[in-house]
Amino acid sequence: AALDVQREAKNKDKEGLQNAYNAFHTLFAANEDAIKDKDAQGQANIDSYMGEVNDALNSGDWTKAGAAADELVNEVNGTASGMGGSSSNSLPASGNGEVMLMLYALAGASLALVFAGTTLRRRTVR
């Protein structure tokens, strides 16, 4: 979600940045207490950078929005790695892990189909 904010700020897309910011804000708010319990300074920094992104968005300052979005991503990544960086932490981050799981599932299904096809072809030849 933080990467979405960064991407939209770099694209200078006001509506896209607003949507990405809102999605990140919702995700962060839902997990803020858990993050604060594990890393209070990280939570405060993320909250501060969110404010900077929002202020820049409202003023139309794309340079400031891009810089604040970069800092937001860096802080989310830094806080995640400081908390162990596992996928079980409650920091909002990109959905890339979900994509990888889907790719693994598709690769497994493909291999299963190839194996099944080879087995069926051998049975029909005999």
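This passage walks through the fold of a single chain, from its overall layout to a few individual residues.

The structure is a predicted model. Five helices and zero strands make up its regular elements, and reading from the N terminus the order is simply α-α-α-α-α. Of the 126 residues in the chain, 29% are buried. The surface that the chain exposes comes to about 7900 Å², with carbon and sulfur atoms supplying 53% of it. Contacts can also be sorted by how far apart the partners sit in the sequence. When the partners are at least 6 residues apart, 59% of the contacts join residues that are at least 24 apart.

A good place to begin a closer look is helix H1, which spans residues 2-11. Its buried residues are Ala 2, Val 5, Gln 6, Glu 8 and Ala 9. Glu 8 has a relative accessibility of 12%, and it counts as buried because this value falls under 20%. Leaving aside residues up to four places away in sequence, Glu 8 touches Asp 13, Gly 16, Leu 17, Ala 20 and Trp 62.

After H1 comes Lys 12, which sits in the loop between H1 and H2. Most residues other than glycine have a negative phi. Lys 12, however, has a positive phi, near 55 degrees. This lysine is also exposed, since its relative accessibility of 55% is over 50%. Just beyond, at the start of H2, a side-chain oxygen of Asp 13 comes to within 3.3 Å of the backbone nitrogen of Glu 15.

Helix H2 covers residues 14-38 and bends by about 55 degrees at Glu 32. Buried positions in H2 are Gly 16, Leu 17, Ala 20, Tyr 21, Phe 24, Phe 28, Asn 31 and Ile 35. Asp 33, which is also in H2, offers a contrast: its relative accessible area is 60%, so Asp 33 is exposed. In sequence, Asp 33 and Gln 43 are ten residues apart, while their C-alpha atoms lie 8.6 Å apart in space.

Two of the buried residues in H2 deserve a second look. A search of the whole structure finds one aromatic pair. The ring centres of Phe 24 and Phe 28 are 6.0 Å apart and their planes meet at 5 degrees, so the pair is stacked. How far apart are these two residues along the helix? Phe 24 and Phe 28 are four residues apart in H2, about one turn of the helix. An α-helix has 3.6 residues a turn, so residues three or four places apart point the same way. Both phenylalanines are buried as well.

Phe 24 also appears in a wider setting, the largest nonpolar core, which has 22 residues. Which members of this core touch the most other members? They are Val 5, Leu 17, Phe 24, Ile 46, Met 50, Val 53 and Leu 72. Several helices contribute to the core: H1, H2, helix H3 (40-59) and helix H4 (62-82) each supply at least two of its residues. Val 5 and Leu 17 have already been met among the buried residues, Val 5 in H1 and Leu 17 in H2.

Terms used. Residues are numbered from 1 along each chain as its sequence is written. This is a predicted model: local features need pLDDT of at least 70, side-chain atom pairs count only at pLDDT 80 or more; totals for chains, interfaces and linings use all residues. Side-chain values use heavy atoms; hydrogens and water are left out. Buried means under 20% relative accessible area, exposed over 50%, partly exposed in between (1.4 Å probe, protein chains only). Contact means heavy atoms within 4.5 Å. Accessible areas come from the Shrake-Rupley method with a 1.4 Å probe; for residues, only the protein chains shown count as cover. Rings of Phe, Tyr and Trp (its six-membered ring) pair if their centres lie within 6.5 Å; planes under 30 degrees apart count as stacked, over 60 as edge-to-face and the rest as tilted. A nonpolar core is a set of buried Ala, Val, Leu, Ile, Met, Phe, Trp, Tyr and Cys residues joined through side-chain atoms within 4.5 Å. The bend at a residue is the angle between axes fitted to the seven residues ending there and the seven starting there. A polar contact is a pair of N or O atoms within 3.5 Å; within protein, one must be able to donate a hydrogen and the other to accept it, and residues adjacent in sequence count only if both atoms are side-chain atoms.
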